Amino acid sequence: MAQPTAGAKYDFSDRTKYDALMETVRNRLTTRAFDSTYVVPREHYEMILDAARHAPSGANAQPWHYIVVTDQDLKNKITEYFREEQVARAKLKMKFPTPDYRGLATAPGFVVVASDFRWVKAFPVLNDGSDLDKMYKENAERILLQSVAASTMSAHLAAAALGYNVWWVTAIGQEKAQKAMKPLLGIPDELAVLDIMCFGPSAKPPYKRWKKSLNEITSWNKFDQSHFMSEAKIDEWIATTRHKVMYRDAENVD
Ligand SMILES: Cc1cc2nc3c(=O)[nH]c(=O)nc-3n(C[C@H](O)[C@H](O)[C@H](O)COP(=O)(O)O)c2cc1C
C-alpha cells in the first residue's frame, strides 16, 4: 500500500485497484450466443453470487433471490417463453430490435433473478392508501428495483472478472410469462421474476458497444442544459441510432 506523505492525513494516490476494477468494467461485454459445450464450475456460480450478496440495498433489505439453472431442459423451456415473447412483440409492431432469444438456451451460466415486492414496506411508506402514500410507494418500488439492479450488477462484474461474457435479459413479458416460469422453478407466487443473467464463453467474438463520453453524462453543480434532449430528439435517436448501438460495432469507444 502507498504510504501517506509526511503530514498528509489521507493518501488516495494508489490507482492499482481502480485500474483492475476498470479493466473488468470496460470488458464487461454483452454477448447473445454462447459456447454451450462449456460447463460452469459450481465454485464460479458461488463466487459470482457472493459478489451479488455484498451489494447495497434500501434499508439493507437485500430483496433479491438468485435461482441457478443448470438443467438444460429447464433452460430450454424458459427459452421457449422468450421466443413466444419475441413473436408476440413482432406481431405488436413495437419496432424494438429484438434479439434472437434462442441464444438463451446456449448459456452455460444461467441465473434467474427474482424479487419480492412486499419488501416495499421496508422503505418509507405511509400505508394509509392516501395520495401521498401512493407517491411514497412509487418511490419505494424504485428503491427495490435499484437495490436488485445493484446486486445484479455486482454479479455481472464478478462474471466479467472471471473472464466470461454476460447477457442481462429483462424481456420477460407480462403476467403470462411470469405465471409460466414460476412453477417451472418453484418460485412462490409472491415473488416476481425480474431478469435472467446469462454468462459464459461467447460463441462469436464479443465487441465493445458505443458508450456516451464522460462529458456527456456529467454536470458539475448545475445540470448542463446541453445534455437535455427534447422528446423529438429522443424519438430521432430511437429511430436512427438505437438498433446500431444495441447490435453493431461502435466507433469511438474507449
Ligand atoms: C436493465 C437491463 C435490461 C436489459 N434487457 C435486455 C433484454 O431484455 N434483452 C437483451 O438482449 N439485452 C438486454 N440488456 C442488455 C443491453 O442491451 C446491453 O447491456 C446494451 O446494449 C449495452 O451493451 P453492453 O452490455 O455490451 O455494454 C439489458 C441490459 C440492462 C442493464
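**Ligand contacts and a helix pair**

Tyr101 puts a polar side-chain atom 2.7 Å from a nitrogen atom of the ligand. The ligand picks up further polar contacts in this predicted model: Thr170 also uses its side chain, with an N or O atom 2.7 Å from a ligand nitrogen, while Trp168 takes part through its backbone, where an N or O atom sits 2.9 Å from a nitrogen atom of the ligand. On its own the ligand would expose 620 Å², and 73% of that is buried by the protein. Zooming out a little, the ligand is surrounded by 13 residues. Tyr101 and Thr170 turn up again among the closest of these, alongside Thr30, Arg32 and Lys211.

As for the overall fold, the protein chain has 8 helices and 4 strands. Read from the N terminus, the order of elements is α-α-β-α-β-α-β-α-β-α-α-α. Taken along the principal axes, a box of roughly 65 × 55 × 45 Å holds the C-alpha atoms of the chain.

One helix pair can be described in some detail. Helix α2 spans residues 42-53 and helix α4 spans residues 131-161; their axes come within 7 Å of each other and cross at roughly 145°. The crossing of α2 past α4 is right-handed. On the α2 side, the contact is made by Met47, Ile48, Ala51 and Ala52. Facing them from α4 are Ser151, Ser154, Ala155, Ala158 and Ala159. Sorted by class, the contact between α2 and α4 comes to 7 nonpolar and 2 polar residues, with no charged ones.

Conventions
Residues are numbered from 1 along each chain as its sequence is written. This is a predicted model: local features need pLDDT of at least 70, side-chain atom pairs count only at pLDDT 80 or more; totals for chains, interfaces and linings use all residues. Side-chain values use heavy atoms; hydrogens and water are left out. Axes are lines fitted to C-alpha atoms, for helices over the stretch in contact, and angles run from 0 to 180 degrees between N-to-C directions. Helices (H or I, at least four residues) and strands (E, at least two) are DSSP runs, numbered from the N terminus. A crossing is left-handed if the near helix is turned anticlockwise from the far one by less than a right angle, and right-handed if clockwise. Contact means heavy atoms within 4.5 Å. Ala, Val, Leu, Ile, Met, Phe, Trp, Tyr, Cys and Pro count as nonpolar, Asp, Glu, Lys and Arg as charged, and the others, Gly among them, as polar. A residue is near a molecule or strand if one of its heavy atoms lies within 4 Å of it. A polar contact is a pair of N or O atoms within 3.5 Å; within protein, one must be able to donate a hydrogen and the other to accept it, and residues adjacent in sequence count only if both atoms are side-chain atoms. Accessible areas come from the Shrake-Rupley method with a 1.4 Å probe; for residues, only the protein chains shown count as cover.
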